[in-house]
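Hi,

Here is the structure I promised to pass on. Have a look at it first, then read my notes below.

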Number of protein chains: 2
Amino acid sequence: MAVAGGGTTGARYRRLAADLREAIATGAYGADGRLPSEEKLAQQYGVSRGTVRQALAVLRANGLVTSRRGTRRVVLGTARTQSFFELLSFTRWARSLGEEPGSRTIGIERRPAEPLECEQLGLAPGSQIYRVLRLRTLSRVPIMVERTLYPERIGALIKRLDPHAISHTDPLAEEGVVFADTEHTIDLVYADADDTRLLGCAPDAPLMRERRRATDQAGRPLMWSDDRFVPGTIAFTVHNSVATTALSRRRG
Amino acid sequence: MAVAGGGTTGARYRRLAADLREAIATGAYGADGRLPSEEKLAQQYGVSRGTVRQALAVLRANGLVTSRRGTRRVVLGTARTQSFFELLSFTRWARSLGEEPGSRTIGIERRPAEPLECEQLGLAPGSQIYRVLRLRTLSRVPIMVERTLYPERIGALIKRLDPHAISHTDPLAEEGVVFADTEHTIDLVYADADDTRLLGCAPDAPLMRERRRATDQAGRPLMWSDDRFVPGTIAFTVHNSVATTALSRRRG
DNA sequence: CAGTGGTCTAGACCACGTG
DNA sequence: ACGTGGTCTAGACCACTGA
């Protein structure tokens, strides 16, 4: 029996999913082609049907294949969705595009949280928070202004980082601070004085705003951020079906 | 043994998911509370652990609960995510907000598809398509301009509809045309002449654009739409985790 | 009608978090 | 050490699609 070739790390269904994704990208099943039946795949890879279904559920969630009772699964397209980590971190997102991410920290301040901020971060009234203001660039071009709030515990870690550090997410992960869930809200705002100065845009110019609220695995808030992008530099794409949904960012 | 109370329709895990969602919304497990273990739930509802896990996967995907090896699941919040159908249809979305959706069809034309359009709709070059231009309102206030392309087969159905019909999605569903998968792309554009005239905004005013491409269950393209919203009237929210993602629209 | 994916069960072992 | 969720298996029946 065949063995999933995607390495020996992690769960079998993940390796199998990676394998199938690869096979689809290579065109092994052709565009608009039909996948082998679950039973057949189970035999080919020497796993149970349950494991095959788990792997296919991943591809389904990423919008790679259809699934419908009575018919074999159909290939919809090649992988477009980014990993959760590319989504969460500007740095990883930029690198996955082959662009050079840059960061300039404009300021870090520690101050008492306002009521709304307390609520968003799940803190007791009057708790101390850190606020970080950064300008993010793509191949040296200013792209986004990032205003991030952290509870004191996390902010203290950020404060200790090299001011020139490009990624904040990675060092935090090394400290065991893991963003497990994130809620994104996307809307349109007009540039304020800081935005204008940092991005070099006109006063009141329209910007795409992405607000991100992240929690750890236990559901405790870790971060709340307000990111404003120059229009034309980014687009958000979401794939959804009756079953699931997947978000990604793209260059606009 | 207890029986899932959410009706007797559909799969058990769906009824169970609805039941648990309800229980969470009612606060039966308290905010920040912990859910019973999977084993316990299986006993309570008289189903197997597998079925419980399937139900919980739905709640997980909607960002309602955490999931983490070693600890009980934690309630993150009450249901915010909309159903796939509310997401797809402006009409259903509006109604779920308690607003009165309105529609004015500005024009329907039948013409040969341009190359890009052929590609997006998966049609042979030169195929005929329908293009529908509509103004959508919320409680009589113009909110969005919708430009939709349909392949000939679907467009012919649209053309037969009552010009005053508010929803196009519902009548199509009755004809057996079901949108199973949709890809959304969100970015920022500037109002053209039509947008300006219909929405009553300034020329070149910034608008939020949502482009939607829908396919049927077999992966065949059914629709391609360019929707432009007045800023401040809508925000897109996406919840995502290492596992899954869920999109919804909100009033801005 | 045969093939396929959707649902469900019962049981097993493991990895992780917490007390 | 124990309880919990994560993974995997083997087998069963059903609902739907398409020839």
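**What I found**

Chain A has nine helices and eight strands (these are DSSP runs, H or I of at least four residues for helices and E of at least two for strands, numbered from the N terminus). Keep in mind that this is a predicted model, where local features need pLDDT of at least 70 and side-chain atom pairs count only at pLDDT 80 or more, while totals for chains, interfaces and linings use all residues. Residues are numbered from 1 along each chain as its sequence is written, chains are lettered from A and ligands numbered from 1 in the order in which they are written, and side-chain values use heavy atoms, with hydrogens and water left out.

**The two chains together**

Chains A and B meet through 39 residues of chain B and 39 residues of chain A (contact means heavy atoms within 4.5 Å). Between them they bury about 3,500 Å², with 57% of that on carbon and sulfur atoms (buried area is the accessible area, taken with a 1.4 Å probe, that two parts lose on being put together, summed over both). Asp181(B), Val238(B) and Asn240(B) supply 16% of what chain B buries against chain A, more than any other three residues.

**DNA strand C**

Which residues come nearest to strand C? Of the 24 around it, they are Arg49(A), Arg53(A), Arg12(B), Ser48(B) and Thr51(B) (a residue is near a strand if one of its heavy atoms lies within 4 Å of it). Sugar and phosphate make up 69% of the atoms of strand C within 4 Å of the protein. Arg49(A) reaches a base, though: a polar side-chain atom of this residue lies 2.7 Å from a base nitrogen. Arg72(A) has a polar side-chain atom 2.9 Å from a phosphate oxygen of strand C. Among the elements, α3(B) gives the most to this surface, with four residues.

**DNA strand D**

Here the nearest of the 24 residues are Arg12(A), Ser48(A), Thr51(A), Arg49(B) and Arg53(B). Sugar or phosphate holds 70% of the strand D atoms within 4 Å of the protein, and bases hold the rest. A polar backbone atom of Arg12(A) is 2.3 Å from a phosphate oxygen of strand D. For Arg53(B), a side-chain N or O atom is 2.8 Å from a phosphate oxygen of this strand. On this surface the largest share, four residues, comes from α3(A).

Happy browsing!

Key. Polar contact = N/O pair within 3.5 Å; in protein donor to acceptor, adjacent residues only side chain to side chain.
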